[in-house]
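User: Please guide me through reading this structure, one feature at a time.

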Amino acid sequence: LTSTAATLQGHVKDIRSTTTLAAQELAAGVTKGISKATVQYREERFEATFSERALGLELDLSRGALVRGVKAGGQAERLQVCAQDRLVAIGDEPIPDEGDFKNVDGFIEDVQHRMKAMPRPVRLTFARTVEVVAAPPEKPREEESMLMDAVKSRFSTLAGGGKDAGRDLGRDAGKDAAKDASKEAGAADLANEAADARELAKRFEAEAMEAREEARQQAGDAIAAVEEAAALRAD
């Protein structure tokens, strides 16, 4: 009986310690996959139609028609134009490249002329550089899947062992008590010992169930973290 109880206590400890270790391994796998994701930049273009004479923005023509700033409450701000956006077209006419001119002064003069001649309303096209996270290769996802399967298997094995040990302890306690009682009928101390053994078995089995629930909960949290990370990479 004592040996079986010790075995059950060992299973409970194994479940709890393995829950923590497996969650750490799974988290490390998620971090590894995220770290392999690379930050990239891409250019997105959008159009804005200006109907008022005052645009409400300031261009830095020495830097390729870059928006230096927008006036608070002005037309550009209402149209969601932001600093660091770049003007790339007026109407259907693209802004020329600086390399098309002998020097930057020629570029500035050309763009200023185009902007002074703009009618109202006028459609302006801007380019905006946005940051995107590129997903890592597919291999880390396969590794995460394998890790999750291993974690589930480990939890299942340990939880089953704890449950079996609890049942064995209760069964052995009952058998031992019955044998002792049949040999020494009427011995109150043996009856009390049997009752104590059964209570001990119930307590250990309850602890095993609690440990299994903790294991399932932490496994669920860890798996949810992996799925969330995978969704973020997919976005």
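Analyst: Helices (H or I, at least four residues) and strands (E, at least two) are DSSP runs, numbered from the N terminus. On that basis, Val-133 belongs to strand β6, which covers residues 122-134. The model is a predicted one, in which local features need pLDDT of at least 70, side-chain atom pairs count only at pLDDT 80 or more, and totals for chains, interfaces and linings use all residues. Residues are numbered from 1 along each chain as its sequence is written, and side-chain values use heavy atoms, without hydrogens or water.

User: What pattern does the protein follow along the sequence?

Analyst: The order is α-β-β-β-α-β-β-α-β-α-α, made up of five helices and six strands.

User: How should the pairing of β2 and β3 be read?

Analyst: Two strands pair if DSSP finds at least two bridges between them. Here strand β2 (residues 57-60) and strand β3 (residues 66-70) run antiparallel and are joined by four bridges. One of the bridge partners is Leu-66 in β3, which is matched with Asp-60. Five residues lie between the strands of this hairpin, in which Gly-64 adopts a positive phi near 75 degrees. 

User: Which residues of the largest nonpolar core touch the most other members?

Analyst: In soluble globular proteins, nonpolar side chains tend to be buried together. A nonpolar core is a set of buried Ala, Val, Leu, Ile, Met, Phe, Trp, Tyr and Cys residues joined through side-chain atoms within 4.5 Å; buried means under 20% relative accessible area, exposed over 50%, and partly exposed in between (1.4 Å probe, protein chains only). In this protein the largest such core has 21 residues, and Phe-50, Leu-87 and Phe-126 touch the most other members. At least two residues come from each of β1 (38-50), β2, β4 (86-90), α3 (104-116) and β6, and α3 gives the largest share, four residues. Contact requires heavy atoms within 4.5 Å; beyond four places in sequence, the contacts of Phe-126 include Phe-46, Phe-50, Leu-57, Val-67 and Leu-87. Of the protein's 235 residues, 34% count as buried.

User: Is Gln-75 buried or exposed?

Analyst: Gln-75, in helix α2 (residues 75-78), counts as buried because its relative accessible area is 5%. Outside its neighbours within four places in sequence, Gln-75 contacts Phe-50, Ser-51, Glu-52, Ala-54, Leu-55 and Gly-56. By contrast, Leu-79, in the loop between α2 and β4, is partly exposed at 28%. Ala-48, Thr-49 and Phe-50 are the contacts of Leu-79 beyond four places in sequence. 

User: How many salt bridges does the structure hold?

Analyst: A salt bridge places a side-chain nitrogen of Lys or Arg within 4 Å of a carboxyl oxygen of Asp or Glu. The structure holds ten. Among them, Asp-60 joins Arg-68, with the closest N and O atoms 3.3 Å apart; Asp-60 is buried at 10%, whereas Arg-68 is partly exposed at 47%. Glu-43 and Arg-45 meet at 3.5 Å, N to O, and a network of salt bridges links these two with Arg-86.

User: Which residues form a nonpolar patch on the surface?

Analyst: Patches are made of residues with over 30% relative accessible area and no salt bridge, with like charges joined within 9 Å and nonpolar side chains (Val, Leu, Ile, Met, Phe, Trp, Tyr) within 5 Å. Val-39, Tyr-41 and Val-133 form such a nonpolar patch, with about 310 Å² of accessible area together (Shrake-Rupley method, 1.4 Å probe; for residues, only the protein chains shown count as cover). Val-133 itself is partly exposed, since its relative accessibility is 46%.
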